[in-house]
There are 2 protein chains.
Amino acid sequence: MSFINPAITFVLITFTNNYMAIFSKTCEYAMRAVFYVAQKSHEGQKVGIKEIAEQINSPEAFLAKILQKLSRERLIQSVKGPNGGFYFDAVSLNRPLADIVSAVDGNEIFTGCGLGLTYCSESNPCPLHDEFKKVRNQITHMLNHTTIGKFNLGLIKGKFTLNK
Amino acid sequence: MSFINPAITFVLITFTNNYMAIFSKTCEYAMRAVFYVAQKSHEGQKVGIKEIAEQINSPEAFLAKILQKLSRERLIQSVKGPNGGFYFDAVSLNRPLADIVSAVDGNEIFTGCGLGLTYCSESNPCPLHDEFKKVRNQITHMLNHTTIGKFNLGLIKGKFTLNK
DNA sequence: TTAATAAAAGACAAAAATATCTTTTATTAT
DNA sequence: ATAATAAAAGATATTTTTGTCTTTTATTAA
Ligand code: FES
Ligand code: FES
């Protein structure tokens, strides 16, 4: 017994809107995780992948892959075994968020053309170039001036959320 | 006979960078196409999908789907048959590019949280909120103040490119 | 009124991004 | 040394985005 009446069944969607954010899901998870781990590091603690994933609301195994990549690139520190987990040392806490973004999403966002042309240039610009450059510069500024550890106190005080 | 020597074969890539631009490919093609058609409309001409795809360097059949969607939403005009093609009427030429973007990529880019949280809010912000808001506002401003027909003269004069 | 033209629609295919599951390796406390 | 723990790595699966091919519908010129 089916609850769908075939007489009134019809196709709803032929062309779905793309979901489209500034950053990939991978990058969003990476940034949230990084802020969460930084906060814990500030308190002198290491954190396990399970806790991170729970606290930032991301799929655990997928996040693990992302942090593995960051770990290979020495952007985050980790130790295996009991009492192990992820953490940031003092140097890493001072790294710009831009390092995380470019490790995960590449450099398109910092240098790419807004209309998707193969390269961006001043001398042979696309129509959007002048305005798009401002956007790109602001993103670059934001990511270069935000250090991984910048929000530790705000997070500890509950001023910010990573999970909603 | 193989040209790959198994003794020196190894896996190169375990975690590829995401390609990540501000807009989806779909949206990039849409914007380029729209500027190209607008320019032709300014000169009083309709354009066929084949010419558009060639001139903006996009896959023809894929672009056709995109323009079909814009056409269904009355953002672009079209007529079938001989001497048919795509064009913009005076009203459409004055529409903001934002209409194209939201038709194709949705509204995430205008309202979404930079860290991918389910919603953005002033009272319960993510760490990036204050800075990200500026980025989002600049994108919104750019897309609202750029009309579809804005670059017609610049394109005709060869000041801008849609194909490189 | 017919043939040619060009967009619209439908079905399908490939590639990339996202997500999960299993096995291995390193570390530490007992 | 051994068992327990937790990250790293490997393999695979799902979903979304991007891209193609075929058929249908509308328009127009002859
Ligand atoms: S050429 Fe397109 S943004 Fe610079
Ligand atoms: S809450 Fe994240 S951008 Fe506003």
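**Figure 1. His129(A) has its place in helix H7 of chain A.** This legend, like those that follow, describes a predicted model. Is His129(A) buried or exposed? With a relative accessible area of 5%, His129(A) is buried, because anything under 20% falls in that class. Look around the side chain and you will find Cys120(A), Ser121(A) and Glu122(A), which His129(A) touches once residues up to four places away in sequence are set aside.

**Figure 2. Helix H5 of chain A is largely enclosed by the rest of the structure.** Seven of the nine residues of H5(A) are buried. Which ones are the buried residues of H5(A)? They are Leu97(A), Ala98(A), Ile100(A), Val101(A), Ala103(A), Val104(A) and Asp105(A). For their packing partners, turn to four helices of chain A: H1 (25–42), H3, H6 (108–111) and H7 (129–145). Follow the chain just past the end of H5(A) and you meet Gly106(A), which takes a positive phi of about 80 degrees.

**Figure 3. Helices H3 and H5 of chain A cross at roughly 110 degrees.** Two packed helices are described by the angle between their axes and the distance between the axes. Here H3(A) spans residues 60–72 and H5(A) spans residues 97–105, and their axes come within 10 Å. The crossing angle makes H3(A) roughly perpendicular to H5(A). As for handedness, H3(A) passes H5(A) in a right-handed crossing. On the H3(A) side, the contact is made by Ile66(A), Lys69(A) and Leu70(A), and on the H5(A) side by Ile100(A), Ala103(A) and Val104(A). Sorted by class, this contact has five nonpolar residues, one charged residue and no polar ones.

**Figure 4. Helices H1 and H5 of chain A pack with their axes 9 Å apart.** The angle between H1(A) and H5(A) is about 145 degrees, and their crossing is right-handed. From H1(A), the residues to pick out are Thr26(A), Cys27(A), Ala30(A), Met31(A), Val34(A) and Phe35(A). They meet Leu97(A), Ile100(A), Val101(A), Val104(A) and Asp105(A) of H5(A). The contact of H1(A) with H5(A) divides into nine nonpolar residues, one polar and one charged.

**Figure 5. Helix H1 of chain A also packs with helix H2 of chain A.** H2(A) covers residues 49–56, and the axes of H1(A) and H2(A) lie 10 Å apart at an angle of about 115 degrees. Once again the crossing to look for is right-handed, as H1(A) passes H2(A). H1(A) brings Tyr29(A), Arg32(A), Ala33(A), Tyr36(A), Val37(A) and Lys40(A) to the contact, while H2(A) brings Glu51(A), Ile52(A), Gln55(A) and Ile56(A). By class, the contact of H1(A) with H2(A) has six nonpolar, one polar and three charged residues.

**Figure 6. A rotation of 180 degrees superposes chain B on chain A.** The shift along the rotation axis is 0.0 Å and the RMSD is 0.0 Å. That is the relation of a two-fold axis. Which C-alpha of chain B is nearest the axis? It belongs to Ile22(B), and the distance is 2.6 Å. The copies meet through the same surface, because 100% of the interface residues of chain B are also interface residues in chain A.

**Figure 7. Ile22(A) sits in the segment before H1 of chain A.** Ile22(A) counts as buried, at 5% relative accessibility. Leaving out residues up to four places away in sequence, Ile22(A) touches Ile109(A) from chain A, along with Met20(B), Ala21(B), Ile22(B), Ile109(B), Phe132(B) and Ile139(B) from chain B. Ile22(A) and Ile109(A) are 87 residues apart in sequence, and their C-alpha atoms are 8.5 Å apart in space.

**Figure 8. Thr26(B) lies in helix H1 of chain B, residues 25–42.** Thr26(B) is buried, with a relative accessible area of 7%. What does Thr26(B) touch, not counting residues up to four places away in sequence? Its contacts come from both chains: Phe15(A) and Asn18(A), together with Phe62(B), Ile66(B) and Val104(B).

**Figure 9. Glu43(B) has its place in the loop between H1 and H2 of chain B.** With a relative accessible area of 39%, Glu43(B) is partly exposed. A second residue to find in this view is Asn152(B), 109 residues from Glu43(B) along the chain. The C-alpha atoms of Glu43(B) and Asn152(B) are separated by 9.0 Å.

Conventions:
Residues are numbered from 1 along each chain as its sequence is written. Chains are lettered from A and ligands numbered from 1 in the order in which they are written. This is a predicted model: local features need pLDDT of at least 70, side-chain atom pairs count only at pLDDT 80 or more; totals for chains, interfaces and linings use all residues. Side-chain values use heavy atoms; hydrogens and water are left out. Copies are superposed by least squares on the C-alpha atoms of residues with pLDDT of at least 70 in both. Contact means heavy atoms within 4.5 Å. Axes are lines fitted to C-alpha atoms, for helices over the stretch in contact, and angles run from 0 to 180 degrees between N-to-C directions. Helices (H or I, at least four residues) and strands (E, at least two) are DSSP runs, numbered from the N terminus. Angles under 35 degrees count as roughly parallel, over 145 as roughly antiparallel, 65 to 115 as roughly perpendicular and the rest as oblique. A crossing is left-handed if the near helix is turned anticlockwise from the far one by less than a right angle, and right-handed if clockwise. Ala, Val, Leu, Ile, Met, Phe, Trp, Tyr, Cys and Pro count as nonpolar, Asp, Glu, Lys and Arg as charged, and the others, Gly among them, as polar. Buried means under 20% relative accessible area, exposed over 50%, partly exposed in between (1.4 Å probe, protein chains only).
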